[in-house]
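Here is a friendly walk through one protein structure, taken a region at a time. Keep the picture open beside you as you read.

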Amino acid sequence: MTRRMIVGFLIVCTLIAGHTLVALGADAAHFAALQLTRLDPAVALPDRRAPTLDGQEVSLRSFQGKVVLINFWTTWCSWCRRERPALEALYTQYQDQGLVILAVNIGETAAQVNAYVLQHGLSFPHVLDPDMQVAAWFGVRGTPSNFLVDRSGNIVGGGSGYRDWATPAAHQLIASLLVQGGAPATETARTASWHRADPTHAEQVQAGQAVYAQHCAVCHGANLEGQPHWKQTLPTGGLPAPPHDATGHTWHHADTLLFKIVKFGGQSGVADPSFQSNMPAFQHVLSNAEIWAVLAFIKSRWPPKIRTFQDRVNAREQ
Ligand code: HEC
């Protein structure tokens, strides 16, 4: 479905909202309470990449498995400012259950957005839309504009203009989306208790394998083999992705350091500030439980000797 069709659809939905409510069930009532248009059928999120504030890029699709509230905004839009505290509260409350708030800034620089984010103490992820390509795709006609994406990566609704995200209606809408579409295995109450990486825990290893295939294999190799010549600096700076199997040196490090590297990126693992890391931070993509799970999976692939070695490294850390 093209962007124009979405805009068209939103308008049509607004016109016939009264009628669709009945047909769509309880969920539609949650959208209606916030005066958001529910898209039925939902529209798949486009495979677009957007620059992050730290100069990396993220694909809109990389949040698949989460519920994503996409919020289009600018620093000078006062209604956007009014939305911020409630958005931050929503994110803090539901992040662990799989909510991502993705703020898409229209047309401003990373420096402008960074300053604003710091000043307002916002912890949810921000991306830039310098040439307004993303906003154009969504048919955004003003800020703020909000769109909701379900766990399978489909845009399920949205609307233009300010919304009060602190209201019970807003919380109900988010909660109703979080329980839908099958929470990923790693987001259940049981897995939330994973605070360490245990390679003998079959369920954790299996969940970690899925995380690895989706988020890590692209660089570290489907078989943990890493990229070729991983010890040689690239012409573009930094290093290629190292293996995570016995031939690499991941196993020289304690679990706590590995966790930190995955959560906060490669830069967090080295003392040298001039080091150019090519290892992205996953703090806005993976939950803590998912990070522990992927480490459990990596560890499960090490031969016993190497596991024993790394157990000792861990013991020394305690
Ligand atoms: C875009 C490519 C890329 C992706 C995706 C990626 N990594 Fe990395 N990773 C790297 C690179 C490159 C390094 C080498 C160090 C650096 O540049 O910071 C690295 C280093 C690491 C290290 C430190 C290894 C050591 O020996 O010090 C760990 C642990 C790690 N990655 C885990 C992961 C996990 C787990 C995932 C998936 C959730 C992942 N990486 C996804 C590129 C990537």
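In which sense do strand β4 and β7 pair, and over how many bridges? Strand β4 (residues 67-73) pairs with β7 in the antiparallel sense, over five bridges. Before going further, please note that this is a predicted model.

**Around β7**

Within this pairing, isoleucine 70 stands opposite phenylalanine 147 in β7. There is a second partner too: β7 and strand β8 (residues 154-160) pair in the antiparallel sense over five bridges. Here leucine 148 is the residue opposite glycine 157 in β8. β7 and β8 form a hairpin, with four residues between them. Glycine 153 sits in that turn and has a positive phi of about 85°.

Is β7 covered or open? It is mostly covered, as five of its five residues are buried. On one side you will find Ser145, Phe147 and Val149, and on the other Asn146 and Leu148, all of them buried.

**From β5 to β6**

Next, look at strand β5 (residues 99-106), which runs parallel to β6 and is joined to it by four bridges. Isoleucine 106 stands opposite aspartate 129 in β6. To get from β5 to β6, the chain passes through helix α4 (residues 110-120), and this β-α-β crossover is right-handed. Strand β6 (residues 126-129) is covered on both faces: His126 and Leu128 are buried on one side, Val127 and Asp129 on the other.

The loop between β5 and α4 holds glutamate 108. Why does glutamate 108 count as partly exposed? Because it has 16 C-beta neighbours inside 10 Å, while a buried residue would need 20 or more. Glutamate 108 also shows how folding brings distant parts of a chain together: threonine 74 is 34 residues away in sequence, but 7.4 Å away in space, C-alpha to C-alpha. Leaving aside neighbours within four places in sequence, glutamate 108 is in contact with Thr74, Thr75 and Val113.

**Unusual backbone spots**

Most residues other than glycine have a negative phi, and most peptide bonds are trans. The table lists some spots that depart from this.

| Spot | Feature | Value |
|---|---|---|
| Aspartate 40 to proline 41 | cis peptide bond | omega about 10° |
| Threonine 143 to proline 144 | cis peptide bond | omega near -10° |
| Methionine 132 | positive phi | about 60° |
| Histidine 229 | positive phi | near 50° |

Where are they? Proline 41 lies in strand β1 (residues 37-44), and proline 144 is in the loop between α5 (133-138) and β7 (145-149). Methionine 132 belongs to the loop between β6 and α5, and it is partly exposed, with 13 other C-beta atoms within 10 Å. Histidine 229 is found in the loop between α8 and α9; with 10 C-beta neighbours inside 10 Å, it counts as exposed.

**A helix in the open**

Helix α11 (residues 304-317) has 14 residues and reaches 20 Å from its first C-alpha to its last, close to the 20 Å expected at 1.5 Å a residue. Only one of the 14 residues of α11 is buried, so this helix lies largely in the open.

**Around the ligand**

Finally, turn to the ligand. Of the 24 residues around it, Cys216, Cys219, Gly266, Ser277 and Met279 come nearest. The elements that give two or more residues to this shell are α8 (217-220) and α9 (255-264). What classes of residue make up the shell around the ligand? It has 14 nonpolar, ten polar and no charged residues.

Definitions and conventions
Residues numbered from 1 in each chain as written. Predicted model: local features only at pLDDT ≥ 70, side-chain atom pairs only at ≥ 80, totals over all residues. Near = placed C-beta within 6 Å. Nonpolar A, V, L, I, M, F, W, Y, C, P; charged D, E, K, R; others polar. Buried ≥ 20, exposed ≤ 12 C-beta atoms within 10 Å, placed from the backbone. Pairing = 2+ DSSP bridges. Right-handed = clockwise from strand over helix to strand, strands pointing away. Expected span 1.5 Å × (residues − 1). Contact = placed C-beta atoms within 7 Å.
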